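Here is a short set of exercises for getting to know a new structure. Try each task on your own before you read the worked solution.

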Amino acid sequence: MSATPLKIVNGDVRLAADTRGKGPNLVFTTGWANERSVWNQAADDLASDHRITTWDLRGHGDSDVPPPGFYKRSHALEDLAAVLNTSGKPAILVGHSLGGYLSLAYALDRPEEVNALVLIATGPGFRKLESRQEWNDTFTAAAVKLGLPEGVEGLSLHTDSMVIDRLSEITVPVLIIIGEKDRRFIAAAEVFERYLDVHKTVVVDEAGHMVHTKEAKIVATTIRSFVANLN
């Protein structure tokens with residue numbers, strides 16, 4: 001299904017986004033170092049009976065590239081708010097990896113704008129300072145290796161434990177999708193099941209971290225079933 005470009009601006013930052021389909025309102029947020037095209041197969045499937053909006057994080061894909069210092073969690077959440085202001089709210093937030101973490105943070109910041117969460121290969125952050133530092137060092141090095149714009153690693157850096165500390169405040173229904181081989185995030189799913197209203201956790205056989213691209217049909221079918229059973 002062909003997608004319609006959306007004009008979205010947050011301050012001086014233009015965000016690339018597309019929408020397709022009609023029905024329940026779903027907004028898809030990518031992981032770090034990904035572009036919105038990773039959602040195409042799942043989005044095209046779901047657009048037959050849902051309204052699907054996909055977008056590029058700042059510094060990614062076709063979105064603008066701000067200078068260093070403008071890649072904090074707060075900037076990403078403001079961008080997501082701008083997307084919802086255009087695509088419609090409340091929405092079901094679908095996020096992969098960083099996108100899932102941002103969806104959790106958004107549900108804490110603006111709960112009235114979120115109907116449900118679909119967390120794909122997502123983690124809640126870290127309570128231990130040493131764990132945060134290890135994570136941050138990994139992504140800082142990866143940004144250089146991948147040749148990403150200067151400062152863009154800031155979107156993935158953890159400076160606090162806000163999300164994991166406040167998980168129990170999130171009351172909307174949650175669907176978790178995880179690849180069988182994605183060991184780090186399988187452990188995170190167990191944390192979510194303790195604190196969130198998890199309606200279902202789906203572990204996809206033989207899949208890894210990019211489960212939504214490798215097994216797009218399974219992901220789309222699972223999301224469709226979850227949305228259909230929401231009140």
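**Exercise 1. Find T122 and describe its surroundings.**

Step 1: place it in the chain. T122 sits in the loop that connects β6 (114–120) and α4 (129–146). Helices (H or I, at least four residues) and strands (E, at least two) are DSSP runs, numbered from the N terminus. This is a predicted model, in which local features need pLDDT of at least 70 and side-chain atom pairs count only at pLDDT 80 or more, while totals for chains, interfaces and linings use all residues. Residues are numbered from 1 along each chain as its sequence is written, and side-chain values use heavy atoms, with hydrogens and water left out.

Step 2: decide whether T122 is buried or exposed. Buried means under 20% relative accessible area, exposed over 50%, and partly exposed in between (1.4 Å probe, protein chains only). T122 has a relative accessibility of 3%, so it counts as buried.

Step 3: look at the side chain. A polar atom of the T122 side chain lies 3.1 Å from the backbone oxygen of I120.

Step 4: list the contacts, meaning heavy atoms within 4.5 Å. With neighbours within four places in sequence left aside, T122 is in contact with G95, H96, S97, G100, Y101, L104, F185, A188 and F192.

**Exercise 2. How are the rings of W32 and F139 arranged?**

Step 1: recall the rule. Rings of Phe, Tyr and Trp (its six-membered ring) pair if their centres lie within 6.5 Å; planes under 30 degrees apart count as stacked, over 60 as edge-to-face and the rest as tilted. By this rule the structure has four aromatic pairs.

Step 2: apply the rule. The ring centres of W32 and F139 are 5.0 Å apart and the planes stand at 75°, so this pair is edge-to-face.

Step 3: trace both partners along the chain. W32 is in the loop between β3 (25–29) and α1 (40–46), F139 is in helix α4, and the two are 107 residues apart, so the pair links distant parts of the chain.

Step 4: check burial. W32 is buried at a relative accessible area of 10%, and F139 also counts as buried, at 16%.

Step 5: widen the view. W32, F126, W135 and F139 form one aromatic cluster.

**Exercise 3. Which strands pair with β5, and in which sense?**

Step 1: start with the strand itself. All six of the six residues of β5 (residues 91–96) are buried, so the strand is largely enclosed by the rest of the structure. A91, L93 and G95 point one way, while I92, V94 and H96 point the other way.

Step 2: find the partners, using the rule that two strands pair if DSSP finds at least two bridges between them. β3 pairs with β5 in the parallel sense over four bridges, and V27 stands opposite L93 in β5. β5 and β6 are also parallel, with six bridges; here G95 stands opposite L119 in β6.

Step 3: follow the path between strands. β5, helix α3 (residues 98–109) and β6 make a right-handed β-α-β unit. A crossover is right-handed if, with the strands pointing away from the viewer, the path from the first strand over the helix to the second runs clockwise.

**Exercise 4. Carry the same analysis over to β3.**

Step 1: check burial. Five of the five residues of β3 are buried, so β3 is largely enclosed by the rest of the structure. On one side are N25, V27 and T29, and on the other L26 and F28.

Step 2: look at its pairing with β4. β3 runs parallel to strand β4 (residues 51–55), joined by five bridges, and L26 has I52 as its bridge partner in β4. The chain crosses from β3 through α1 to β4, and this β-α-β crossover is right-handed.

**Exercise 5. What does the side chain of T19 reach?**

Step 1: locate the residue. T19 is found in strand β2 (residues 13–20), and it counts as buried at 9% relative accessibility.

Step 2: follow the side chain. The T19 side chain reaches the backbone oxygen of I52 at 3.3 Å.

Step 3: list its neighbours. Not counting residues up to four places away in sequence, T19 touches A3, T4, L6, R51, I52 and T53.

Definitions and conventions
Polar contact = N/O pair within 3.5 Å; in protein donor to acceptor, adjacent residues only side chain to side chain.
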